[in-house]
Amino acid sequence: MEKIASFTIDHIRLLPGVYVSRKDTAGQEVITTFDLRMTSPNDEPVMNTAEVHTIEHLGATFLRNHQDYGNKTIYFGPMGCRTGFYLLLAGDYHSKDIVPLVTQMFEYIRDYRGEVPGASPRDCGNYLDMNLNMANYLASRYLEQVLYHIDDSRLFYPE
């Protein structure tokens, strides 16, 4: 079997950033998959499931309710390695195109207080596995270390 595209990226040199992971078509629509890498793979500790789960709930809520991207959001969820998230949008985008959206989303997560949307036994299959304080912290860290001063080294995969 062939390696899938995401296993061909040099994870030793990969920095936290916002990357186009792939582009696919569904009918006539282009679907752009983004790699929102929050931690340095194989270098920093991975995120724990509770904060990843919380970021997923908050990020999905933000995106699905976004005035411009709500109807373009296909999926937002964690990578299995717990170093970041995948965001799939309907449309043909470049990484820099969505930096403002990702920045807004992580500011929303950083500043969110109160009950996490969907964190109830009726709405979620693992509603107790949440950590809002760590989600707030990780969002702040991603904003400060990556999004607020992003450059090409964090917008394009390493060669």
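In this predicted model, helix α2 meets helix α3 through V102, T103, F106, E107, I109 and R110 on the α2 side and A135, N136, A139, S140, Y142 and L143 on the α3 side. Sorted by class, this contact has seven nonpolar, three polar and two charged residues.

Two packed helices are described by the angle between their axes and the distance between the axes. For α2 (residues 95-111) and α3 (residues 132-145), the angle is about 145° and the axes are 7 Å apart. The crossing of these two helices is left-handed.

**The sheet**

Strands of a sheet pair through backbone hydrogen bonds, either parallel or antiparallel. Here four strands form an open sheet with antiparallel pairing, in the order β1-β2-β4-β3. Strands β1 (17-26) and β3 (73-78) lie at the edges, each pairing on one side only. From one strand to the next, the twist averages 15°.

Inside this order, β2 (residues 29-37) and β4 (residues 84-90) run antiparallel and are joined by seven bridges. One residue pair can be named: L36 has F85 in β4 as its bridge partner.

**Helices on the sheet**

Helix α1 (residues 49-64) packs on the sheet and touches β3 and β4, its direction making about 165° with that of β3. Helix α2 also packs on the sheet, where it touches β1, β2, β3 and β4; the direction of α2 makes about 55° with that of β2.

Helix α1 has 16 residues and reaches 22 Å from its first C-alpha to its last, close to the 22 Å expected at 1.5 Å a residue. Its buried residues include A50, V52, I55, L58, F62 and L63, and also E51, H53 and H57. The buried residues of α1 pack against β3, β4, α2 and α3.

**Two loop residues with positive phi**

N42 and R82 are each a residue other than glycine with a positive phi value. The table sets out their places and values.

| Residue | Phi | Loop | Relative accessibility |
|---|---|---|---|
| N42 | near 60° | between β2 and α1 | 73% |
| R82 | near 65° | between β3 and β4 | 29% |

Because exposed means over 50% relative accessible area, N42 counts as exposed at 73%. R82, with a relative accessible area of 29%, is partly exposed, since that class lies between under 20% for buried and over 50% for exposed.

Terms used
Residues are numbered from 1 along each chain as its sequence is written. This is a predicted model: local features need pLDDT of at least 70, side-chain atom pairs count only at pLDDT 80 or more; totals for chains, interfaces and linings use all residues. Side-chain values use heavy atoms; hydrogens and water are left out. Axes are lines fitted to C-alpha atoms, for helices over the stretch in contact, and angles run from 0 to 180 degrees between N-to-C directions. A crossing is left-handed if the near helix is turned anticlockwise from the far one by less than a right angle, and right-handed if clockwise. Contact means heavy atoms within 4.5 Å. Ala, Val, Leu, Ile, Met, Phe, Trp, Tyr, Cys and Pro count as nonpolar, Asp, Glu, Lys and Arg as charged, and the others, Gly among them, as polar. Two strands pair if DSSP finds at least two bridges between them. The expected span of a helix is 1.5 Å times one less than its number of residues. Buried means under 20% relative accessible area, exposed over 50%, partly exposed in between (1.4 Å probe, protein chains only).
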